[in-house]
Amino acid sequence: MALLEVRDLSVVFKRKGEEPFTAVDGVSFDVEPGQTVGLVGESGCGKSVTSMAIMGLLAKRGVKVSGSAKFDGTELLTLSDKQMRDRRGQELGMVFQDPLSSLNPVISIGLQVAEVIERHRGLSRKEASVQAAELLDKVGIPDPKRRLSEYPHQLSGGMRQRALIAIALACRPRLLIADEPTTALDVTIQAQILALLAELVKETDTALIMITHDLGVVAGLCDEVNVLYGGRVVERAGRHDLFRVPRHPYTHGLLASIPRLDAPRGERLSPIRGSVADNIPWTQGCAFAPRCPNAIDTCVEVTPAMEPDPVVAGERLLRCHNPVEPADRVEQEILT
Amino acid sequence: MTQVTTSTLVEVEGMKVHFPIKRGVVLDKTVGYVYAVDGVDLSIRQGETYGLVGESGCGKSTLGRAMLKLTEPTAGKVVFDGVDLSSMKGEPLRTMRRRMQMVFQDPMSSLDPRQSVESLLVEGMRAHGLDKGKESTGRRLRELLSAVGLPSTSLRKYPHEFSGGQRQRIGIARALSVEPDLIVADEPVSALDVSVQAQVINLLEDLQTEFGLTYLVIAHDLAVVRHISDRVGVMYLGGLVEEANSDQIYTEPLHPYTKALMSAVPVPDPVVEDVRERILLAGDLPSPANPPTGCRFHTRCPWRQESRCDTERPALRELAPGHKVACHWAEDIRDGRIRAHEVKPQLTQDDWDTGADDNSLAGPASVTETLGP
């Protein structure tokens with residue numbers, strides 16, 4: 001059994017006098033200890049809402065969460081607030097995108113880290129702050145003792161993100177969810193943070209869910225990748241398979257539209273037509289159909305099911321009626 | 001991209017932009033300066049795309065703005081098509097501005113929400129006397145919209161009715177409306193989703209071919225800059241550390257900072273990612289209000305040497321044709337005569353923020369503090 005099993009997770013937002021909006025629609029995936037699973041997609045694809053639902057961070061009113069998310073055999077979605085609070089910070093950790101708005105601006109860094117240790121491990125404040133200093137040191141913050149008494153605004157963006165990771169790791173969680181942890185940072189700092197996360201996963205056997213829009217980050221870090229579009233997982237594969245033979249037209253299109261640092265110069269990009277906003281809300285059929293170069297009539301009528309890839313071997317699931325044909329050479333290579 | 005002729009369109013010499021840091025209510029004492037741009041020379045040729053990259057706070061946007069005189073430079077001069085802009089003021093400068101336009105990062109905050117697309121586009125034309133009668137203006141507007149790929153029904157609409165990518169197209173159409181020679185695009189695609197980014201990048205390339213434009217593209221995304229630019233300049237803490245054509249900068253980066261920057265950019269290909277050698281820089285960007293002495297990069301540089309690096313600021317010098325670098329040891333690093341070593345991260349500090357003695361002179365932070373409870 002996997003550490004986290006998400007099955008058929010759906011999140012529907014309902015507002016008075018408005019049509020219900022399905023943000024997440026039947027998302028399923030597993031995460032094993034020591035594994036890094038990526039949720040990738042553009043804004044509005046439901047990747048963050050998925051993680052919020054798992055962590056029980058969505059509002060109770062006006063939101064309907066269905067399906068199941070089992071953590072080590074315990075159903076998370078039906079836990080009471082108190083039970084969930086005991087697990088968050090203890091067994092489940094989360095790192096958010098914007099460290100400045102997720103840290104409390106009027107509480108010192110030391111106290112924010114120590115707070116978690118006090119709450120979950122029952123240590124005294126003094127003992128907790130000794131541990132906090134160790135944690136800050138471990139995530140690569142120079143001069144950690146002095147930093148304990150400093151406030152978030154006194155730290156740089158990269159240092160704040162490190163502090164946030166320290167808080168998430170304070171009780172050695174078994175599952176860490178990182179929601180765009182490097183999007184607000186510069187590339188050189190991003191490289192530092194990604195190296196830190198990879199090292200932690202390796203050292204402590206933590207399961208990591210990496211939520212990002214950056215396919216480059218995914219390529220370097222994730223073992224398995226889920227590509228989301230319109231609230232659904234449209235393709236799942238191991239990272240090597242996914243990048244070598246993207247089968248879903250959306251994955252294919254995304255890869256073709258990113259300028260690559262190592263690409264020969266002068267190569268033209270082939271963008272996906274339209275934008276995400278074009279087909280929200282969709283009711284039936286594939287959400288990507290209006291932008292899809294491969295769309296056939298069935299696409300707009302019947303919602304495709306998540307099925308094993310019929311053509312390319314390997315553990316890949318695909319939600320598409322008319323996937324991109326793998327280039328002959330690649331197909332041969334994989335089948336043999 | 002297009003035919004790059006040898007004639008220079010913009011020449012920047014010794015550009016400096018220092019922003020004063022002020023403290024106190026009554027005296028408004030200047031306690032220091034933020035050295036946003038500190039001595040930059042560059043030239044942009046007619047018809048080429050010059051890409052300026054660097055991390056946040058390196059001064060790339062300020063440099064772009066100072067070139068158009070949107071921010072007054074502290075020192076240095078800008079020569080645009082043979083005319084020195086530094087001494088220009090008022091009406092002649094305003095007329096000159098027709099030829100240099102800007103496209104901003106965030107299309108939502110750079111378009112007036114209460115102006116229709118038509119009014120946004122006509123405004124600039126009117127200001128520069130290009131609005132010569134209803135019929136020709138109407139034709140021109142339709143031309144502009146079709147050039148940037150928007151339907152002609154867009155004229156009556158307002159910015160909020162468009163998606164992010166479409167709004168950026170409006171911003172580009174607005175810049176084009178006055179028939180400029182130079183377009184400075186400050187992070188033109190960073191607010192957009194990846195699938196839409198590619199549309200806008202292609203559009204910028206098409207427009208350049210069609211109208212023979214010269215671009216200065218400012219961005220933090222190295223892959224985007226390399227894709228779109230003919231030549232690339234890399235900035236670090238207010239100075240240019242390397243300049244080369246976009247192939248050279250990727251295949252043979254000479255400055256240690258460029259090397260680190262290149263190695264930090266994730267490539268969407270697991271095969272490449274697995275074998276890639278990463279140069280992880282220690283610590284953060286030092287404060288531009290208190291830049292390190294000598295080479296600005298020496299506090300984080302894995303190739304730092306005992307002598308010169310912390311005392312002497314390296315000048316930008318040409319190592320190979322068209323390839324300039326500001327590093328004392330560039331040849332030695334290139335030929336492998338000196339090796340990278342580990343660097344301990346240093347605390348970054350604003351020196352005007354720490355001097356305890358200074359604070360008594362700096363005055364109260366706000367009026368309420370003076371009055372007391």
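Start by selecting A:Thr36, which belongs to strand 3 (residues 36-40) of chain A. This is a predicted model, so keep that in mind at every stop. A:Thr36 counts as buried, because its relative accessibility is 4% and the cut-off for buried is under 20%. Show its surroundings, and leave out residues up to four places away in sequence: A:Thr36 then touches A:Val201, A:Leu208, A:Met210, A:Leu221, A:Cys222, A:Asp223 and A:Glu224.

Next, go to A:Thr206. You will find A:Thr206 in the loop between helix 8 (187-204) and strand 8 (207-212) of chain A. Is A:Thr206 buried or exposed? With a relative accessible area of 6%, A:Thr206 is buried. Turn on the side chains here and look for A:Thr204, whose side chain is joined to that of A:Thr206 by a polar contact of 2.5 Å. Beyond the neighbours within four places in sequence, the contacts of A:Thr206 include A:Pro33, A:Gly34 and A:Gln35, as well as A:Pro173, A:Arg174, A:Leu175 and A:Leu176. A:Leu200 and A:Val201 are also among the contacts of A:Thr206, and A:Val201 is one of the residues that A:Thr36 touches too.

While you are in this part of chain A, pick out A:Arg174 once more. A network of salt bridges links A:Arg174 with A:Asp72, A:Arg87 and A:Glu91. Side chains of opposite charge can pair when their charged atoms come close.

**Between the chains**

Now color the two chains separately and turn to where they meet. How many residues of chain A are in contact with chain B? The count is 47 residues of chain A, in contact with 48 residues of chain B. Together the two chains bury about 4100 Å² between them, and 58% of that is on carbon and sulfur atoms.

For the polar side of the interface, the rule finds 15 residue pairs in polar contact between chain A and chain B, both residues being at pLDDT 80 or more. Which helices of chain A supply at least two residues each to the side that touches chain B? They are helix 6 (144-147), helix 8, helix 9 (215-221), helix 10 (239-244) and helix 11 (249-257). Helix 8 of chain A gives the largest share of that side, seven residues.

The rule also finds four salt bridges across the interface of chain A and chain B. To see a salt bridge between the chains, select B:Asp206 and A:Arg268, whose side chains meet at 3.1 Å, N to O.

Then select B:Asp284, in the loop between helix 10 (270-275) and strand 11 (317-320) of chain B. The side chain of B:Asp284 makes a polar contact of 2.6 Å with the side chain of A:Ser156. B:Asp284 is buried, at a relative accessible area of 11%. For a sense of scale, draw a distance from B:Asp284 to B:Gln166: the two are 118 residues apart along the chain, and their C-alpha atoms are separated by 36 Å.

**Within chain B**

Over all chains, the count of salt bridges comes to 42. Chain B offers several to visit. Begin with B:Arg140 and B:Glu143, whose side chains meet in a salt bridge of 3.4 Å, N to O. Because these two are three residues apart in helix 4 (residues 134-148) of chain B, about one helical turn separates them. B:Arg140 is buried at 15% relative accessible area, whereas B:Glu143 is partly exposed at 43%.

Move on to B:Arg276 and B:Glu273, which form a salt bridge of 3.2 Å, N to O. Here B:Glu273 is buried, with a relative accessible area of 8%. Then try B:Arg304 and B:Asp310, joined by a salt bridge of 3.2 Å, N to O. B:Arg304 is partly exposed at 30% relative accessibility, and B:Asp310 is partly exposed at 25%.

Now center on B:Leu85, in the loop between strand 5 (83-84) and helix 2 (90-97) of chain B. At 0% relative accessibility, B:Leu85 is buried. Leaving aside neighbours within four places in sequence, B:Leu85 is in contact with B:Met67, B:Lys69, B:Val78, B:Phe80, B:Met96 and B:Met100.

Finish on the surface with B:Val26, in the loop between strand 1 (8-23) and strand 2 (29-45) of chain B. B:Val26 counts as exposed, at 78% relative accessibility. Add B:Val25 and B:Leu27 to the selection and you have a nonpolar surface patch, with about 360 Å² of accessible area together.

How values were computed: Residues numbered from 1 in each chain as written. Chains lettered and ligands numbered in written order. Predicted model: local features only at pLDDT ≥ 70, side-chain atom pairs only at ≥ 80, totals over all residues. Heavy atoms only, no water. Helix = DSSP H or I, 4+ residues; strand = E, 2+ residues; numbered from the N terminus. Buried < 20%, exposed > 50% of the residue type's maximum accessible area, 1.4 Å probe, protein only. Contact = heavy atoms within 4.5 Å. Polar contact = N/O pair within 3.5 Å; in protein donor to acceptor, adjacent residues only side chain to side chain. Patch = residues over 30% accessible without salt bridge, like charges linked within 9 Å, V, L, I, M, F, W, Y side chains within 5 Å. Areas by Shrake-Rupley, 256 points an atom, 1.4 Å probe, with all protein chains shown as cover. Buried area = accessible area lost by both parts, 1.4 Å probe.
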